[in-house]
Amino acid sequence: MRLVDTNVLLYAASPAPDDAAKHGLAVALLKQPDLALSVQVLAEFLVQATRRSRPHALSAELAMRFLSVFDDFSVQPITAEVFRAGVSLSQRFGLSYWDGAILAAAQALGCDAVYSEDMSAQQDYDGLRVINPFVEQ
């Protein structure tokens with residue numbers, strides 16, 4: 001299983017012409033089997049997609065409708081254990097807490113990778129690898 005980071009969802013929902021190439025890649029990626037999300041990713045998507053200063057911002061209703069497509073995905077809740085693991089990972093690898101928490105959620109779900117453009121694809125994060133779906137591998 002692979003966890004999907006917020007940026008993939010944002011590109012998949014983006015109508016911005018500048019995001020067209022990444023939009024297509026994100027939509028194709030989200031059709032793959034065995035994908036997972038975390039509650040953090042869902043919350044970050046809602047906040048970022050509806051931010052008034054965002055060009056092409058979505059209404060909260062439209063953002064929630066977009067997210068409903070992923071109701072069948074495995075979703076990792078934010079727990080005290082995920083929180084502590086996220087803090088530990090962020091400190092160990094020099095990441096923001098938020099990136100550490102995404103890695104911790106992926107580990108809790110038993111994922112082998114995270115799709116994200118925000119972390120290093122060269123780094124082994126305790127057996128998790130990061131795959132940037134927007135660059136050629």
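Colleague: How much area does the protein chain expose, and what share of it do carbon and sulfur atoms supply?

Modeller: This is a predicted model, in which local features need pLDDT of at least 70 and side-chain atom pairs count only at pLDDT 80 or more, while totals for chains, interfaces and linings use all residues. Residues are numbered from 1 along each chain as its sequence is written, and side-chain values use heavy atoms, with hydrogens and water left out. With accessible areas taken from the Shrake-Rupley method with a 1.4 Å probe, where for residues only the protein chains shown count as cover, the protein chain exposes about 7,400 Å², and the share from carbon and sulfur atoms is 54%.

Colleague: In what order do the five strands of the open sheet lie?

Modeller: Strands here are DSSP runs (E, at least two residues), numbered from the N terminus, and two of them pair if DSSP finds at least two bridges between them. The pairing in this open sheet is parallel, and the order is S3-S2-S1-S4-S5.

Colleague: Which residue in S3 is the bridge partner of Ser38?

Modeller: Strand S2, residues 35-38, pairs with S3 in the parallel sense over three bridges. For Ser38, the bridge partner in S3 is Gln76.

Colleague: With which side chain does the side chain of Ser116 make a polar contact?

Modeller: Ser116 lies in the loop between strand S4 (113-115) and S5, and its relative accessibility is 0%, so it counts as buried (under 20% relative accessible area, 1.4 Å probe, protein chains only). A polar contact is a pair of N or O atoms within 3.5 Å, and within protein one must be able to donate a hydrogen and the other to accept it, with residues adjacent in sequence counting only if both atoms are side-chain atoms. At 2.6 Å, the partner of the Ser116 side chain is the side chain of Asp5.

Note on methods: Helix = DSSP H or I, 4+ residues; strand = E, 2+ residues; numbered from the N terminus. Buried < 20%, exposed > 50% of the residue type's maximum accessible area, 1.4 Å probe, protein only.
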